[in-house]
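Me: Please take a close look at one part of this model, the open sheet, and then place it among the helices and cores around the chain.

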Amino acid sequence: MHDVVVVGAGIAGLVAATRLADAGLDVRVLEARDRPGGRLLNHRFAHGEHVEIGGQWVGPTQDRVLNLIDELGLQTFPLYNEGDNLLFHEGRLSRYTGTIPGLPPLVLLDVLQAHRRFSKMCQEVSLDDPASHPRADDWDTQTFETWLRRNLFTNGGREVMRLMTRAVFSGEPCDISLLHALFYVHSATDLDCVTSVEGGAQQDRVVGGTARIAEILAERLGERVHYGSPVLRVVQEPDHILATTAAGNFPARRLVMAIPPTLAVRIHYDPPLPAWRDQLCQRLPAGSVIKCVAVYKRPFWREEGLSGQVTSDTGPVRVTFDNSQPGAPTGMLMGFIEGDEARVPELRDPAARREAVLDSFVRYFGFEARKPVEYVDRDWSAEQWTRGCYTAHFPPGVWRRWGGRLRQPEGLIHWAGTETARRWNGYIDGAVESGERAAAEVRAAA
């Protein structure tokens, strides 16, 4: 009989398992994949360099993950952020510096007034219980798209905010409730923080890739981590719990469920989960994103004084970054296909997707972007044990009906995962918070 079984070897599960093991508890981690990391993944190219093909950024105020990085002896380095950014708007390419693109004056004023109004509303929402706000009924019964249509007065302004939504939520404004949009941005400090590089969520990367965080945690846990072991069934008795995999049964006194809600609900529970918990998990679909990276002999865009960062009103790649490794001769352009464009059937074909991505890169950086020496992309919605990124969407009504009980243990089952975080919900830092909270709950109940 183990003290604790943890389902999932992503950051949340590994942090929970590590804290429990450090406290002297007998822990086992059951992971469906043949690797740790969950939504964090490094890809190694044929020429030897690597790149994060999953989550990759950390930044200021993300204290939990930054402390963990220090604890593991890892280091960070800044994302390349020198030179001019590019704006592709209504068929025209223009350069700008700083964080504000050169939009038409009326569009820019529209975006700024909406930004101020939205930011003020964000700060009013409780991170402990968003549904406690006096206007929660109103805000959670409308989509973010509804708010955009009512509070922006130019089509260009609405498109800018929709682009922001895709970049931050990997979904469309119609996918999420206004209340969730407010909570999510507040949990990450503010709108400027979630959209910025310097001083924001995209400021830093981890030397060796963010997957090294998970790999080192898993190495330290050693044989406590079981790979290729998807949990098929969870049986809860009055005094213990039994997690069943194809390789056998794992009895324990407590269980930490540290996988995305859309996967957790696919496990068979005996007795069944309460109806409200099942309904909650069913209503938390993951976002849609394809991450794409092209490698070139050199970062040629820097020769033109460009940062590699693009904001575009034309897809399928609407946002790009310079993802080159510091000190390497090669250059890497990284782009995202997000929201509805990541759901287009034509882009399911890898060859067609590659051509569409390179078409976008050529639109922004010229014909030299047509011929990378290597290329990789990852459709996270197609991943069997992920089913989407970056995190779950909260559609209208979810926070108001069930959100307050999101972290509530269910008998001997405790819930972790970045979707349950108060701070930096949906980010690596949020995963760390959730793992530490779940571990504290288990220890308090022991």
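Reply: The model is predicted. Its open sheet is formed by 7 strands in the order S7-S6-S15-S16-S17-S14-S18, and the pairing is mixed. The edges are strand S7 (92–96) and strand S18 (374–379), each of which pairs on one side only. On average, neighbouring strands of this sheet are turned by 20 degrees against each other, direction ignored.

At the S18 edge, the partner is strand S14 (residues 289–296); S14 and S18 pair in the antiparallel sense over 6 bridges. Within this pair, Val 293 stands opposite Val 376 in S18. In general, strands of a sheet pair through backbone hydrogen bonds, either parallel or antiparallel.

Helix H12 covers residues 350–365. H12 has 16 residues and reaches 22 Å from its first C-alpha to its last, close to the 22 Å expected at 1.5 Å a residue. Its buried residues are Arg 353, Ala 356, Val 357, Leu 358, Ser 360, Phe 361, Val 362, Tyr 364 and Phe 365. Just after H12, Gly 366 takes a positive phi of about 95 degrees.

Helix H1 (residues 11–22) has 12 residues, with a reach of 16 Å from first C-alpha to last, close to the 16 Å expected at 1.5 Å a residue. H1 is mostly covered, with 10 of its 12 residues buried. Among them are Ile 11, Gly 13, Leu 14, Val 15, Thr 18 and Leu 20. Gly 24 follows H1 and has a positive phi, near 90 degrees.

Turning to the cores, the largest nonpolar one has 45 residues, and those with the most contacts inside it are Phe 118, Phe 144, Trp 147, Leu 178, Leu 182 and Tyr 427. The elements giving two or more residues to this core are helices H3 (105–124), H4 (136–140), H5 (144–151), H6 (155–169), H7 (178–187), H8 (191–195), H11 (275–282) and H13 (398–401). H7 supplies the largest share of this core, 7 residues. Leaving aside neighbours within four places in sequence, Trp 147 is in contact with Ala 114, Arg 117, Phe 118, Met 121, Gln 142, Leu 152 and Leu 178. Apart from this core lies another, of 38 residues, among them Leu 14, Val 15, Ile 216 and Ala 218. Leu 14 and Val 15 are also among the buried residues of H1.

Note on methods:
Residues are numbered from 1 along each chain as its sequence is written. This is a predicted model: local features need pLDDT of at least 70, side-chain atom pairs count only at pLDDT 80 or more; totals for chains, interfaces and linings use all residues. Side-chain values use heavy atoms; hydrogens and water are left out. A nonpolar core is a set of buried Ala, Val, Leu, Ile, Met, Phe, Trp, Tyr and Cys residues joined through side-chain atoms within 4.5 Å. Buried means under 20% relative accessible area, exposed over 50%, partly exposed in between (1.4 Å probe, protein chains only). Helices (H or I, at least four residues) and strands (E, at least two) are DSSP runs, numbered from the N terminus. Contact means heavy atoms within 4.5 Å. The expected span of a helix is 1.5 Å times one less than its number of residues. Two strands pair if DSSP finds at least two bridges between them. Axes are lines fitted to C-alpha atoms, for helices over the stretch in contact, and angles run from 0 to 180 degrees between N-to-C directions.
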